[in-house]
Amino acid sequence: MYSLERPVQGQSSCPKDRLGRKRRTVVSSLTEDEELTEILKSYSSNKVTTTKYSFLSFIPKNLFEQLHRFANIYFIFLAALNFVPVVNAFQPEISIIPILLVLAVTAVKDLWEDYRKHKSDKFINGLVCEIYSRKRQMYVDQRWQDVHVGDFVRLSCNEIIPADMLLLYSSDPHGVCYIETANLDGETNLKQRQVVRDLPRQGSELTPENFHSRIECENPNNDLSRFRGFMEYPSKARVGLHNNNLLLRSCTIRNTETVIGIVVYAGHETKAMKNNNGPRYKRSKLERRLNVDVLWSVVLLVIMCLTAAIGHGLWLRNLKDTSFLIPDTTSPALSGFYLFWTMIIVLQVLIPISLYVSIEIVKLCQIFFIQNDVDFYNEYMDSRIQCRALNITEDLGQIQYVFSDKTGTLTENKMVFRRCTIAGVEYPHEENARRLEVYKEDEAMGCSHTLKSRASAKSLSCKSLSCNRSSVSLHTLTGHSEGEESPSPTLPQHSAFSSPMEKDIVPDPFLVQKLNCLSSPLFLLRDASMELTYIVDFFMALAICNTVVVSSPNQPRHVVPGLRGILVSRTPLKSLEDIKMLFQPEEGEHGSWKGEEDKMLHLNPGAWSVLENSNGGEGPPSEPGADELIYEAESPDEAALVHAARAYRCTLQGRSLERLLVELPGMGSLAVRLLHILPFDSTRKRMSVVVRHPLTNQVVVYTKGADSVIMDLAESPKGAEQSDGRQGHIREQTQKHLDNYAREGLRTLCIAKKVQTSTEYDIWLKRHAFAETSIENREELLLESAQRLETNLTLLGATGIVDRLQEEVPETIEALQRAGVKVWVLTGDKQETAINIACACKLLRTTDQLLTANCDSKVNACKALLLELRTEVERGEAAEGTSGFTLVVDGHTLDFALQEDLKGDFLELSRRCRAVVCCRSTPLQKSHVVQLVRDQLRVMTLAIGDGANDVSMIQVADVGIGISGQEGMQAVMSSDFAISRFKHLRKLLLVHGHWCYTRLANMILYFFYKNVMYVNLLFWYQFFCGFSGSVMTNSWVLIFFNLLFTSAPPLLYGILDKDVSADTLIKLPELYKSGQNSKAYLPSTFWLTMLDALYQSLVCFFIPYFAYAGSDADMLSFGSPINASALLIILLHQVIESRTLTWLHVLVLVGSALFYFSFTLVFSVVCVTCSPPTNPLGVDKLQMSQPLFYGVCALTTVLALLPRFLFHALRNSISPSDTLKAALMDQLNPDNYCRRMQHWNQTQAQSKARGLIINVEDLDIKIPDFILPKELKECRAATGSVLS
Amino acid sequence: MASNYNAKEEDGHQPAAIGHGGAGTVKNKKPDNTAFKQQRLPAWQPILTAGTVLPAFFVIGLIFIPIGIGLFVTSNNIKELEVTLTNYSVWLAIFHPCYNCSQSYSWNSTKPCTCSVPFSLDQPFESNVFMYYGLSNFYQNHRRYVKSRDDSQLNGDKASLKSPSKECEPYRTSDEKPIAPCGAIANSLFNDTLELYYIDPNGSRTAIPLVKKGIAWWTDKHVKFRNPGGNDNLTVVFQGTSKPVNWRKSVYELDPSDPDNNGFINEDFIVWMRTAALPTFRKLYRIIHKKPNMTPTLPLGRYILEVTYNYPVRSFEGRKRMILSTISWMGGKNPFLGIAYITVGSVCFFLGIVLLIIHHKYGNRNHSADIRS
C-alpha cells in the first residue's frame, strides 16, 4: 500500500524554526523552567485560521490581491488615464465604474468563500478535548484552540486527535493504540501506534507531574510518514522516537480506551495542516485559446486607435482656422498622440475584460449543475461528485486520451468469494451466485431509478440493503460527533473490504452437509472423513493463511478473551484422539467418492442446525462476539477468503503475534500457534503461514497462491506410491475447475498444505533464522528460504473470487471509444489479469489484434520490437479484417519505451493502436506515460484512479479524476473531480463536458462579437467627427451597455444553453468529437465572428447614418436609434445562436431590453444637467416618440442579422453538423427518435467499416450486463494464443 | 457554487456533522431532482433550417416592401428646396449674389454684409413650411467642441454664471469677466439673419412671416435652458459677465422683439447649442405657418432671400445653405429609408425563394432518409 507515500513538498521551505533552531525541543508544559516555558510559547498554538482575510484587512488585502491580475491592472490604467485632462474621454467618475464593479463582484465572491472557511475554522477550534491542568491536578475540558505544545491531552476511544502528539500512555496492556487515518488519507484500516519505548511505568496512568523528560524532534514538516527525534529522560537516557509513536491531528482513536499524549506540534504546524493545500488552479485549454484572441483584440484596438490618431492628425492639419472650432492650439502630431490614448479609453470595451469575471461566474454555475446531477449520486456512499478544480469544466469536453487505473477504477475492488473446489470436488455455490446476481440487479435497478427518477420497489429494497453501508460511511466522516457517546450498535464500525456483499457469503449446502459430519455422531465414515480432512484443512488455510487483523467494535481487537485461557478442552463431542485420527493422512482407500457423496446427502438434514445448537450451547463465551468480528485486510482477496471461511463456521477470531484463534465447526475455538508468516511477494506469487497444528501438534505449512505456481509445487507428491492416485485425481480435477473459473473471469487462488516433520522443520528453521539475521542479501536469502519450504505441497483446492467490474464499465469504455477518446489502462497488475479485465470491459474486442511488448533485455531489442510491432500494425491496417490493435506493454518494456530515443517509436506505435494496456507499471511510470502522451502528442489527457498509486498520474494529467472508493481519499484529494463510480465518467465527459465546452466556447465567442460589434459603432463615428474621439451616446449608457444591459444574457447562455439533450449525447458518443476537435471555437470561427460583428456594426451605423444624413439630428438623437438597434441586434443575435430558450432566457432577454429602454427613458427625463457633455435630457423621450426611430431600428436589426440567420439556415440544411442532426433528433417524437437513433448507429457503423475499423455488433447499445461471460469466452479464445 | 470546498480538505473535519448526532437524522446528500437542477427545463429549441426560416423571410419581405413603398411615397411627397448661400466649388460661384460677402467677411468685420438671393418655387408648398439653415464641413461633433460648454450655467446656475466650468476654456473668460454663455459652441453661434420675400408677378415684394417660436425642443426651452434669476431683469442678471468674443450682442439682447426670447432661453441659441451629429447638418431657423385659408403656405413663384451675412464659413471651407421644407410623420425628405426598406424586403423575398428551392432539394432528402430508416 502506498498509504503514506505522498509527494513531499515544501519540506525545504522551513528548515529552521522561527528561532533559528534546527530542532524543536518540547517539554511538559507543567515545567517550572522559565526558559523552557518561553520556548514552548514560541511554538504556534493549536488555533487554526485558514481564512485569508480578517475583518479589517479584507479590503486592502483583497484589493491588493485583485490588483495582481493583469485584467484589473488594465482597468485601473484606463481609469487613471481618464483623469489626465488632455486625453479624458468621459467623466472620470464614469470610467471607474467598470473596475469598481469587477472588483466588487470578485470581492463578494472572495468574502463569501472566506466566510465559509471562517465558519469551519470556528467550529474546529471550538471542539473540546481533555487537557491536564496544573492548577486542578486533573484533566479538564478545553477547546482545541487552547491546546499548546507541551500539554498533556487525554483522549478516549473514538475521539479525534486535536494536535500531533507523542503517545505516552495507552490503556492497552501492550502499550499500543489504534488510530484511524481516514480523515487524513481516507484509509479506513486501523494503524497501530506504540507508546514511547522504555517509558518508566508509572502505575495505572501517566502522571503528568512526574514527566520530566525532554523531547527533541525535527521541525514541523508535511511528511506524514516520517517523524524523528528522541526523548531524553531525566536520567539522560535517550530513546529514539519514530513515526509510530506519533498520533496525528485529525485521526481518530479506535479500539483503545484511553490514551495520553504530549503535544509536539500544534495548529498549523501539525502534519495534517501542513499537508492541506487548497483547491487547485489549472488553466484550461479553452482559456489558453481565449488569451490568444484577447491579444488579437488588443492588436485590433491598437490598430483602431492608431487609425484614429493618424486620422486626427491629418484632419487637424487640413483645418485652417482651428481656433474657431477647437479651442486649443496643440500641434496636430501631439493632438494625434493624445487622441491615441483617448481612443483607448473610448474603445476600451473591445478588450473583453469583464469576460474573465463572466467566465468565472459561468464556471461556478456549471459546477453547481455538475454537482447537482442526480446521476452522479451514489446511494451506497451517499456521495455526489466533488468538483475540486473550479476552472477546467470545459476541459472535460475536450478529452482525447483517458488513462485509467484498473483495480478499484474499472473493477469494484470488492473481492467476493464465489465458489471453490476442494479435493477435486467442485462446489458451485449456486446460492452465492444468485446472491451476487441480486446485488447486481439491485445496483442496476438503483441506477435506472436515478436515471429515470421513478420510484420502484426494487430500488427501495436496494436502499434498505445499502443503508447499513451508508450509515457506516457517515460514521467515518463524523466520528468525532459521537465522541462522548458510547459507540452505538446501529453504527457498526466501517472497515475496508467488508461490505455486506463481501461478507454475507451463502455457503454451498452440499459442502455444509459434509462439514456437518464433523459434529454429527456419524462422522466416522472413513472415506468421507478423508475428504473431510481436506475440507477442514482447506478452510483452516483460508482462515489463517493471511495477515488479516481482527477486531470487534466494542473491544480492543487483540484482546480476544479466548486467547488467554486456551480451550482445546472445549471441543464438544470428540476426544483429542479422535480428531487426531481425523487428521492422520489416510492411505489407500480413496475408492469411489461418488458413492460416499450420495451417502452424505442422506445424512441428517438438520445437521447444520445441530451444529449451530452445539455451538450455541457449548461455546457461549466466544459466540456473541463472533458476529461482530471485523476483518481488516490489506488486500481485498484476503478479506474475501476469511469471510468465506467464516461462512463455513471456520472463523478467525483473533490474532496476536504468536497465536491465532480459530473456531472450527464442531470443535469450538482452537488456538493455533503461529510460527512464521512468509508474506506474499510477486516473484513467488504466494504466501504461506507456518503453524503448529492445535490438534496434531504437527508443523503445518499452509500456502495459497497463484494457480500456476501452486500447481507446479504440488507436482511431485512425496510418497508417490501412497497418494499418487488421489493427488493426481485432485490435481486433474482442480485444474479442470480452475480453467472453468478463469473462463468465468474469476480470480483464482490455489490452496495447499504441507505437513513438516519436526526434523525437517528444525533444519529449515536454522537456515531461515540465518536468512533473517543476515545483513547482506537478506531478501534473496529469505526468498530462497521460503522457496525451500514451499515444496511438495498437497493441493487442497482452489477458490474463485470475483472482482466484479463496476457496473456499466464496458458501456462506458465503449462509449468513450466511440467518442474518439483513446483509453489506456495503466495497472500494476500482472499481464494476464490486465488483459482479462481489458477483455471484460470491452477495451479489447474479439476482432482486435493483440500486440504484446515484453522485453527484458536491452534497449536495442526493445527498439527492434517496437519497430516490428509497428510494421505489423501497418500491415494490419492495409489488410482488411482486423478491427484494431491493442498494445499490451509491461512495466519493464515501458521503462525502455519511456527513454528519450525510444519514446518516439513508442508513441507512434501506440498512436495507431486503439487501446493500450500497461501492466506491472509503477506509479511513477504511470505519470511518465501520461506526461509523455500529453506533451508529445499535444492532446488533452484525463487520468482516473482510486488509489494512492494513481496520485502522480492524476496530478500530471490535464484533468485528474479520483474515484472515492475503497482505497482511501488520496486520489480524491489530488484530483480535479472526484466521482464514486467509473460509469459516471461517461456522463461527466459526454454530457457535462460537451455542454460545458460548447457553452463556454459559444459564450466567449459571443462576448468577443458583442464587444467588437458595439465598439465599432463608436469607431465608425470617428470618421464623421474628425477622429476626435467623440461618442454619439451618453457616457453612462455607453459604460452600462456592456456592464448591465447586455451582460446577463450571455451569462445565462453560458450556463443553460443546451445544444443536444443529455439522453442523445449519451446515446451518440460521436457527438463528443466536436469538442475534442475544438469545433466550437476554432481560430476560423473567431475570425468569422469578428467579420460578422464588423458587418453588423457597419449596418448598425450606416443605416441610421443615411437615414439621418443632412437632417437636423443632434449627436445624441443620432446615437439613440443606433444604440437601441445595437441592443436589439445583440440580444437577437443571441437568440439565433442559442440552441435552447427557456422561460429564464426569455425573462433575461426581455428584461435586458426593458431595462435598457426604461433606463434611457428615465435618464432622458430626469437628468437635467448631469453627465456633460452628453446630457441626454429629452433625447430618448423625443426619439422614442418618433416613428422614424422605429423604422430605423427595425430595418437595421433585420439587415444586420440577415447574413447570420441565412448562414445558419443554409448550413443546417445543406451540410448539417452531427450536433445539429442530433438536435433535430431531439425534436422528434419517441418513435421516430428510436428509428433515427438506430439509423445513426448503422451509418456510423458503416462509415467505420469503410474506415476499416469495427464490427457492427459492437455499436448497439446494450443493456448493462456485468460479468459478460460470453464476451470473455470469446476474448479468451482470441487472446489465448498470443498469451501462450 | 455549491462548493468544491469540503471541510475534509481543511483539516479533516466535517462541520456539517454537528447535525447528526443521532443516527435518525441522517441527511441525504442526494441532489434535488428538479427540472432546473437537472437541466431539464422545458425549452424551445429553435433550429434554423431552410424549412423553418422560410416563412420568416417571406413575412419580412411582405412587411418590408409595403413599408418601404409607404416611406418612399411619403418622402417623395415632401417638398424641399435648397438655396445655396455660398459655393466654393463651382466656378459660377463668382456670380453668386453672396460671393462678395462670403469672400470678404470675417469675424473681425464690423460692417454687416448683406446680399439677396433670388430663387423660385416650381410647386407650391402646402401645410407648415420649415426654414432651415444648413452648414457643411462644420464639425459640431468634434469632441473638444462638444465639451466646450457649461450645462449648469445654461441651466441658470448663478455660481456657474460667475465662474464657468473649465471645459469652456479658452472661451471661459474675457477681460477677466466670465463669459456668458461660455464655451466654443456658444461662441460660434450662427448669427446670419435670413428674410424671405415673395415676389408677386407684378414685381412687388411681400415679406413672408417667419415665426421664431417653437423651433427649439420643449424640454430644452423649459427645463434645460434657464435664465439665471428667473424672470428678473436680464441686464442686471448678466451684469459682470462678458459676451462671447465672436458675438456682437450680449446674450440678453439676442431678440429685441421678444423679451421672453432672450438670455439662455433664446430659441435660436438653444437650437445652436444642440450640437449636430454630422459635419453636414441643418438647423431649424424659422417656421412658416400654414395659412388658415386654402392658399398654399408658399405659392409657386419667385422669391428673394435677404441674407445679412454675419457668419463666415470660409475659414473651415464650409458651405451655407437655406432650406425650405415641409415635413411628414417621419421627418424631413429622405428617400433612403424607403429605398432601403424596399431593397431589404425584396432581398428577403428573393432569399425566401432560394431557401424554398434548397428546402425542396435538401429537406426532402433528409426527410426521405428518415422514412427509409
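The following dialogue examines how several descriptions of this predicted model are justified.

Visitor: Why are α34(A) and α40(A) called roughly antiparallel?

Guide: The axes of helix α34 (residues 984-1022) and helix α40 (residues 1115-1137) of chain A cross at roughly 165 degrees. Angles over 145 degrees count as roughly antiparallel, and the two helices therefore receive that description. Their axes come within 11 Å, and the crossing is right-handed.

Visitor: Which residues make the contact between α34(A) and α40(A)?

Guide: From α34(A) the contributors include A:Y1006, A:M1013 and A:L1017; from α40(A) they include A:F1118, A:I1122 and A:I1130. By class, the contact has 13 nonpolar, three polar and one charged residues.

Visitor: What makes A:R938 count as exposed?

Guide: Its relative accessibility is 72%, and the term exposed applies over 50%; A:R938 therefore counts as exposed. This residue is in the loop between α31 (923-937) and β31 (941-945) of chain A. A:R938 also has a positive phi of about 50 degrees, although it is not a glycine.

Visitor: Why is B:S127 called partly exposed?

Guide: The relative accessible area of B:S127 is 31%. Buried means under 20% and exposed over 50%, so B:S127, lying in between, is partly exposed. Its place is the loop between β2 (113-121) and β3 (129-136) of chain B, and its phi is near 50 degrees, a positive value in a residue other than glycine.

Visitor: Why are positive phi values and cis peptide bonds noted at all?

Guide: Most residues other than glycine have a negative phi, and most peptide bonds are trans. In chain B, a cis peptide bond joins B:E169 and B:P170, with omega about -5 degrees. The bond from B:A180 to B:P181 is also cis, with omega near -15 degrees. B:P170 is found in the loop between α6 (158-162) and β4 (173-174) of chain B, while B:P181 is in the loop between β5 (177-178) and α7 (184-187) of that chain.

Visitor: How do you know that β16(A) and β17(A) pair?

Guide: Two strands pair if there are at least two bridges between them. Three bridges join β16 (residues 411-422) to β17(A), and the strands run antiparallel; they therefore pair. A:C420 has A:Y427 in β17(A) as its bridge partner.

Visitor: What makes β17 and β20 of chain A edge strands?

Guide: Nine strands form an open sheet in the order β17-β16-β26-β25-β24-β23-β22-β21-β20 (chain A), with antiparallel pairing. The strands β17 (425-427) and β20 (651-655) each pair on one side only.

Methods: Residues numbered from 1 in each chain as written. Chains lettered and ligands numbered in written order. Predicted model: local features only at pLDDT ≥ 70, side-chain atom pairs only at ≥ 80, totals over all residues. Heavy atoms only, no water. Helix = DSSP H or I, 4+ residues; strand = E, 2+ residues; numbered from the N terminus. Axes fitted to C-alpha atoms, helices over the stretch in contact; angles between N-to-C directions. Parallel < 35°, antiparallel > 145°, perpendicular 65-115°, else oblique. Left-handed = near helix turned anticlockwise from the far one by under 90°. Contact = heavy atoms within 4.5 Å. Nonpolar A, V, L, I, M, F, W, Y, C, P; charged D, E, K, R; others polar. Buried < 20%, exposed > 50% of the residue type's maximum accessible area, 1.4 Å probe, protein only.
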